[in-house]
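Take a look at the fold below. We will walk from an open space to a helix, and then to the packed interior.

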Amino acid sequence: MSETLTIRPIESGDKDAWRVLWTAYLEFYESSVSDAVYDATFDRLLSKEHPDQNGFLAVLGDTPVGLVHYIYHAHNWRLDKVCYLQDLYADPTVRGQGMGRKLIEAVYARADTDGCPSVYWLTQDFNAEARKLYDRIANLTPFIKYAR
């Protein structure tokens, strides 16, 4: 990368670029959300009333090219909260250059600072490229997810 990559918290002026990135993420998983969910999610990511919902953008030069959302929540097996890394996305034109790792490491660092050192996430079994990174920076667990 010739331009500088910066990882920073999502800011109020990022809504349009954030929406483009999150839409691409959702489309990768063949999903979509309503405009109301876009608006509510963005508002929560910035709101002091929702301190457990957070996000970072990866910005290359002046262009947002990646995002991560993470959520702190209580856990019945421990006293401290845990951190769920819910969404991680890098624009395909800049993949393979360390951005995903930097976004995850930013979540690790913030979670440590906030007293939530346990960080976990889910991915689809078909997401082979991302899983190569995950296998290097985290431990694969034996859990299987079920949903109603």
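A pocket is found on a 1 Å grid over the protein atoms alone: it is an open set of points with protein on both sides within 12 Å along at least five of seven lines. Its volume is the space filled by probe spheres (1.4 Å probe) set on the points, which are joined across faces, edges and corners. This is a predicted model, where local features need pLDDT of at least 70, side-chain atom pairs count only at pLDDT 80 or more, and totals for chains, interfaces and linings use all residues. Residues are numbered from 1 along each chain as its sequence is written, and side-chain values use heavy atoms, without hydrogens and water.

The largest pocket holds about 1,400 Å³ of space. Its lining has 31 residues (each with an atom within 4 Å of a point). Tyr120, Trp121, Leu122, Thr123 and Thr141 lie nearest the centre.

Now find helix α2, residues 35–46 (helices are DSSP runs of H or I, at least four residues; strands are runs of E, at least two; both are numbered from the N terminus). Its buried residues (under 20% relative accessible area, 1.4 Å probe, protein chains only) are Tyr38, Thr41, Phe42 and Leu45. They fall within an arc of 95 degrees, taken from the directions from the helix axis to the C-beta atoms, so they line one face of α2.

Next comes the largest nonpolar core (buried Ala, Val, Leu, Ile, Met, Phe, Trp, Tyr and Cys residues joined through side-chain atoms within 4.5 Å), with 26 residues. Helix α3 gives the most to this core, 6 residues. Ile104 is among the residues with the most contacts inside it (contact: heavy atoms within 4.5 Å).

How values were computed: Expected span 1.5 Å × (residues − 1). Buried < 20%, exposed > 50% of the residue type's maximum accessible area, 1.4 Å probe, protein only.
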